[in-house]
Each structure stands twice: as C-alpha cells, then as structure tokens.
Amino acid sequence: MSFPWAKPYEPKAPLMRYLDEKLPLPRLVFNAIGAGYPVPRNLSYMWNFGVLAGFCLVLQIVTGIILAMHYAPNAAVAFNSTEHIMRDVNWGWMLRYAHANGASAFFVVIYLHIFRGFFYGSYKPPREMVWLLGVVIFLLLMATAFMGYVLPWGQMSFWGAKVITGLFGAIPLVGEPLQIWLLGGFAPDNAALNRFFSLHYLLPFVIVGAVILHIWALHIPGSSNPTGVEVKTESDTVPFHPYFTAKDGFGLAVFLLLYCTMLFFLPNALGHPDNYIPANPMATPAHIVPEWYFWPFYAILRAFTVDFILPAKLWGVLAMFASILVWFFLPWLDKSPVRSGHYRPLFRKFFVVLVIDMGFLFWLGGAAAEEPYVMMSQIATAYYFLHFLVILPIISMIERPDPLPFSITEAVLGSDDDKAVLATTPAS
Amino acid sequence: MAPGDGVRRRDFIEIAAVSAAGIGGLATLVPLISQMAPSRDVLAGSTTEIDVSAIEPGMAIKAVFRKQPLFVRNLTPQEVAAADAVAVSSLRDPQTLEERTKEGKTNWLVTMGVCTHLGCVPLGAAEGENKGEFGGYFCPCHGSHYDTAGRIRKGPAPTNLLVPEYTFTTDTQIVVG
C-alpha cells in the first residue's frame with residue numbers, strides 16, 4: 001500500500017516496458033525505495049539507521065561468503081585457517097577485520113535503530129508488526145553473531161560457546177541432555193564447531209527474509225516521523241527518491257568514515273587478545289566476557305546470585321531472555337496515544353534514565369564478576385525491568401502530553417497552508 | 001465397512017492416506033534430530049583410566065574426561081577435617097565428604113573441573129592457583145567458591161562440583177566413566 005498521491009511507475013524505455021509486463025521487478029523497487037514511496041518530509045537523521053542496518057547485512061554477507069572460501073570449520077585446523085586468512089590470503093586481513101568490525105558496526109546501528117524506536121514510539125499501532133519483526137531480527141542477529149564468534153576457535157570462542165550453551169543446562173530436567181544434543185558432545189568440539197559454521201552461514205539469509213517482511217510491514221502504514229503525527233496530505237510527504245536516498249547516502253558516508261577508522265586503525269580494539277590463543281578446553285581465560293554487544297544481557301545474566309524458589313542460575317538465564325522478550329510486549333505496555341517522545345515530558349525524563357541504565361549495564365557486563373559490580377548489576381537489572389513493566393504503563397496513564405502539531409507540514413513550516421508547500425498536484 | 005454406518009469409503013481413504021504420509025513425515029524427523037547427538041567416536045572416548053600413585057597429599061592433577069577437565073585431589077588430613085567440620089545442613093547442596101568419595105579413601109576427591117554455574121574451569125588444582133575463600137576451588141568467571149570437598153559455598157553455582165562415576169581398580173588406579 002502507499003498513499004494515493006504516490007508517483008505511479010511509468011517506464012518509458014521499450015525494454016523497461018517489456019520487463020514490467022513479464023517481471024515487474026523495477027516497479028517493486030520504484031514503489032519500495034524509489035520515487036513511488038512517499039515518506040514524511042520531516043524524517044531526521046535518526047531515520048537513517050534502517051538503511052544502514054541493511055547495508056551492514058549486505059556487508060556481512062559479502063565478506064562472510066568470501067571468508068568461508070578460505071576458512072576450514074574443523075576443530076583441528078580452524079584456528080590455523082583463521083591465521084592463514086590473516087597472513088597468507090590476499091587481502092585476507094582486511095576482509096576478516098571488515099567482517100569482525102562489521103559485526104560491531106551492525107550492532108551499533110541496530111541499537112541506535114532500536115532506541116530510535118523506544119523514543120519515538122515506533123512500536124505503537126499501526127506499526128506493531130514492524131516492531132515485532134524487528135525484535136525477531138535482533139534475536140536472529142544475536143544468534144548469528146554468537147556462532148560467528150565461535151568460528152576462529154580461539155580461547156574466547158571456545159569458552160564463549162561453553163558458557164552460552166551452558167545456559168541451556170540451567171533448564172530443569174531436560175537441560176543437560178539438551179546441552180549435549182546441541183553440542184553433539186560433552187563439551188564444545190568439532191561437532192559443535194561444524195554445526196555452528198553451518199548455521200552461521202544459514203542465519204543471515206533467514207535474516208534477509210525477516211528484513212523483507214519487516215520492510216513490507218513498514219510500507220503498509222508508511223514510515224513514522226519525529227512528530228509521531230500521521231501523514232494527512234501530500235504536503236506532509238516527499239518521494240523517497242531523491243530526497244531520502246540522498247539523506248541516507250550522506251548518513252552512509254558518515255557511517256563509512258567511522259567504520260573505516262575502526263577497520264584500518266583500530267581493528268582489534270573491540271576484540272579480545274585471548275582469542276589469538278588457540279582453544280584450550282583445560283584452561284579458562286582469567287577474565288571471560290562476551291563481545292561488547294552482549295554486555296548488557298550478560299550483566300543481567302550475572303546479576304542473580306541467590307536461590308529463590310528456583311536456582312540462581314536459572315533466574316539469571318530467564319531474566320536474560322526476558323530482558324529482550326519484554327520488547328515484544330512494548331506496544332501493549334505503553335498505551336499512551338501520543339507516539340513521539342518530543343511531546344511526552346514525563347516519558348522523556350524516564351527515557352533518559354533508561355539510556356543511562358542501559359549504559360551502566362553495558363559497562364557492568366564487561367566488568368569482573370566481583371563486588372561492587374555484582375550489586376550494581378542487580379540494581380541496574382531491577383531498574384531495567386521496572387522501566388518496562390511498571391514505569392512505562394504508569395507514565396502512559398498519568399502523563400499529560402504537550403499539544404501536538406496539527407500536521408507534519410505545520411510542524412515543519414509553522415502553518416498548514418497548502419500554498420506554502422511543494423505540492424504540484426492538489427491534495428486529494 | 002458395512003453400508004449405512006455413515007463412513008464413506010473415500011473419506012476413509014483420504015484420512016488413512018494423509019495420516020500415513022503424516023506419520024512417515026514425522027518419522028523422517030528422527031534421523032534429522034538424532035544426527036545432532038554425540039557420534040560414536042565421541043561416545044567412545046567416555047572412559048578414562050588414571051594412575052594416581054604420584055599425587056602427594058595436598059596435590060591435585062588435571063586429567064581429561066569426556067573432553068573436559070577432571071580434578072583428582074589427594075586431600076591432606078587438615079583438608080579432610082576442614083570438610084568434615086562444616087554443618088551439612090548449612091550447605092546449598094548438602095553432601096558430606098564421605099558421600100562424595102569412596103569408602104576408606106576419603107582423601108581422594110575426584111570431581112569434574114567444570115563449574116556448575118556455566119561450565120568454566122575452576123582454579124585451585126595447579127600449584128599456586130587461587131583456591132578461593134574455602135581452600136578448595138575458585139571459578140574466576142563468575143566468582144564461585146568451592147570448599148575442600150568440592151562443595152559450593154559462595155557465588156552463583158547451584159550445585160557442588162560433579163563427582164563422576166568412577167572406581168578404584170587398584171589402590172593407585174582409578175577408572176572414570
């Protein structure tokens with residue numbers, strides 16, 4: 001679906017007309033990301049991150065397929081084949097660093113995309129399905145990233161695999177058999193490495209499928225915007241191309257500058273030196289932590305130290321999964337009819353607190369498992385759940401929002417006089 | 001089927017055919033799921049023999065059992081006494097040292113070197129490693145402390161270090177698994 005004033009696709013060249021009759025692929029592209037897709041004229045740079053996430057997905061798939069041409073998923077040679085990529089393969093070092101830092105870049109972009117959603121209420125009707133699919137994509141992304149990190153078969157790879165599959169061991173009754181089944185052995189070994197490689201290759205394409213659904217679901221109501229006021233007339237929109245292809249292009253350039261700075265000057269800054277030690281099942285690294293993008297969830301996992309009805313370990317695992325699953329319920333936890341945080345003074349304050357709390361969890365997840373970090377993790381974890389399960393529903397009941405603009409056009413130009421806008425055809 | 005019992009021959013054939021195909025389809029899941037379980041060669045490595053004659057009191061060794069570390073520790077009389085002095089009811093996972101060792105050989109503590117929290121290798125088996133607050137083992141990942149009987153005393157681990165099935169075949173030889 002699109003707005004009635006969307007520019008129709010009218011191919012001129014005979015070849016394009018022929019193609020449109022047989023396989024209307026150019027029409028699909030035109031209506032999805034071309035001049036045929038009208039978007040709100042006031043989209044800010046916070047709306048760049050969806051396109052950037054799409055770019056990261058393509059980057060990871062391209063570099064990943066190339067790395068798979070040189071990598072050997074066998075526990076006996078996996079570490080050496082990774083070093084072979086780094087030392088012997090032409091441009092291998094660059095491709096591997098591009099893939100490793102690409103994963104980090106992907107998570108930076110995704111976290112900003114998610115927090116954009118939190119602030120601007122992007123999860124609210126009519127876009128719940130877009131949000132739900134987005135959370136599914138995030139979960140798939142975490143699984144893919146985890147399995148990818150195991151592949152170099154260094155110390156952090158091995159112990160990461162051990163600890164994360166150990167989470168399944170916390171499930172009562174079936175936990176241990178399940179863990180052995182998942183690993184194909186009693187500890188991570190060749191069987192586990194092989195299946196992780198297989199799934200690491202598969203999941204990105206599952207993500208592509210989920211992304212297509214995500215964009216499809218988005219294009220039914222159309223993009224949200226910083227005011228949260230829905231599009232009313234043509235003057236509220238501009239065609240995606242050239243306006244937002246240009247804006248996204250600029251965003252992409254800035255992103256690439258930062259990404260290339262990491263890639264070429266700080267390629268190991270986000271990695272762990274221990275992962276350049278071959279996997280050793282007999283010795284755990286002294287300070288074992290997951291990659292930075294899992295730190296908030298790792299902090300939540302470690303926050304539970306006391307048995308209460310269930311064992312502490314199971315509480316930690318449940319809380320870690322619940323911390324993401326709670327996002328699925330966001331459209332129904334925050335019932336405020338006002339979408340954008342710009343017009344929600346009370347919500348805005350607590351949003352800032354949530355960001356600070358998440359920042360804390362990030363920091364704590366990377367810290368050692370000792371006091372005072374454990375106690376701080378417990379407080380930050382408690383606040384995290386308090387925000388979503390208690391504070392958000394209460395705010396949406398008691399808050400008095402600021403007055404909303406009549407329309408996007410008014411928010412941009414200060415008046416909704418049709419004459420003042422770009423419209424070339426009368427708004428219907 | 002008798003005429004007039006309300007079941008049409010065609011319905012019967014349809015339901016039977018779809019059911020047979022459905023059961024056959026479900027049966028194909030068995031190999032698809034089972035292939036992920038440990039293979040024969042992995043299972044074949046599930047018994048380990050260890051010669052413990054060289055382990056002096058106060059020493060421990062790290063052996064390999066099912067691709068995971070196994071701690072074999074010769075406890076000193078003081079360590080045995082320290083383990084016996086603890087009130088069992090005060091433990092998270094109540095077990096006596098006697099229950100965790102073989103009769104007449106309470107000084108031989110054989111446990112998996114796998115923290116019951118999330119599977120890291122605890123420290124304390126090798127010379128000079130941190131043995132934790134209770135003189136046994138200490139897991140550096142999330143700070144679990146085990147005592148001289150390998151019992152969880154402090155930290156997130158839910159249970160004591162696992163004692164695998166093993167037997168003394170001679171006074172100086174054990175078979176694990």
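This report walks through the domains, the chain interface, the helix packing and a few backbone details of a predicted two-chain model.

## Domains of the two chains

Let's start with how each chain is divided. In chain A, the assignment gives domain 1 as 39-228 + 238-285 and domain 2 as 289-325 + 350-397. The centres of these two domains, taken over C-alpha atoms, are 22 Å apart. Chain B is also split, with domain 1 covering 1-37 and domain 2 covering 42-176. For chain B, the distance between the domain centres, again over C-alpha atoms, is 53 Å.

The two domains of chain A touch each other: 25 residues of domain 1 are in contact with 21 residues of domain 2. Together they bury about 2,100 Å², and carbon and sulfur atoms account for 81% of that area. On the domain 1 side, Tyr111(A), Phe115(A) and Leu167(A) supply 26% of the area buried against domain 2, more than any other three residues.

## Where chain A meets chain B

Next comes the interface between the chains. Chain A brings 30 residues to the contact, and chain B brings 30 residues as well. About 2,400 Å² is buried between chain A and chain B, with 65% of it coming from carbon and sulfur atoms. Which residues of chain A lose the most area to chain B? They are Trp181(A), Phe186(A) and Met282(A), which together make up 30% of what the chain A side buries.

## Two helices against α9

Two packed helices can be described by the angle between their axes and the distance between the axes. Helix α9 of chain A, residues 190-219, is a good place to try this out, with helix α3, residues 49-68, as a partner: the angle is about 155 degrees and the axes are 11 Å apart. How are α3(A) and α9(A) oriented to each other? An angle over 145 degrees counts as roughly antiparallel, and α3(A) and α9(A) are therefore roughly antiparallel to each other. The crossing of α3(A) past α9(A) is left-handed. On the α3(A) side, the contact is formed by Leu57(A), Ile61(A), Ile65(A) and Ala68(A). Their partners in α9(A) are Phe197(A), Tyr201(A), Pro204(A), Phe205(A), Ile207(A), Val208(A) and Val211(A). Sorted by class, this contact has 11 nonpolar residues, no polar ones and no charged ones.

Helix α6 of chain A, residues 128-150, also packs with α9(A), at an angle of about 160 degrees and with the axes 9 Å apart. That angle makes α6(A) roughly antiparallel to α9(A). The crossing of α6(A) past α9(A) is left-handed too. By class, the contact of α6(A) with α9(A) has 22 nonpolar and 5 polar residues, and no charged ones.

## The α7 and α8 pair

Helix α7 (residues 155-168) and helix α8 (residues 175-183) of chain A cross at roughly 140 degrees, and their axes come within 8 Å. That makes α7(A) oblique to α8(A). Is this crossing left-handed or right-handed? The crossing of α7(A) and α8(A) is right-handed.

From α7(A), the contact takes Thr165(A), Gly166(A) and Phe168(A). From α8(A), it takes Gly175(A), Leu178(A), Gln179(A), Leu182(A) and Leu183(A). The class split for α7(A) with α8(A) is 4 nonpolar, 4 polar and no charged residues.

## Backbone details

A few backbone features of chain A are worth a look in the viewer. A cis peptide bond links Pro125(A) to Pro126(A), with omega about 10 degrees. Pro126(A) lies in the loop between α5 (92-120) and α6 of chain A. Another cis peptide bond joins His241(A) and Pro242(A), where omega is also about 10 degrees. Pro242(A) sits in helix α10 of chain A, residues 240-265.

Which residue has a positive phi although it is not a glycine? Trp91(A) does, with phi about 60 degrees. Trp91(A) is located in the loop between α4 (78-87) and α5 of chain A.

Methods. Residues numbered from 1 in each chain as written. Chains lettered and ligands numbered in written order. Predicted model: local features only at pLDDT ≥ 70, side-chain atom pairs only at ≥ 80, totals over all residues. Heavy atoms only, no water. Axes fitted to C-alpha atoms, helices over the stretch in contact; angles between N-to-C directions. Helix = DSSP H or I, 4+ residues; strand = E, 2+ residues; numbered from the N terminus. Parallel < 35°, antiparallel > 145°, perpendicular 65-115°, else oblique. Left-handed = near helix turned anticlockwise from the far one by under 90°. Contact = heavy atoms within 4.5 Å. Nonpolar A, V, L, I, M, F, W, Y, C, P; charged D, E, K, R; others polar. Domains from an automatic or database assignment. Buried area = accessible area lost by both parts, 1.4 Å probe.
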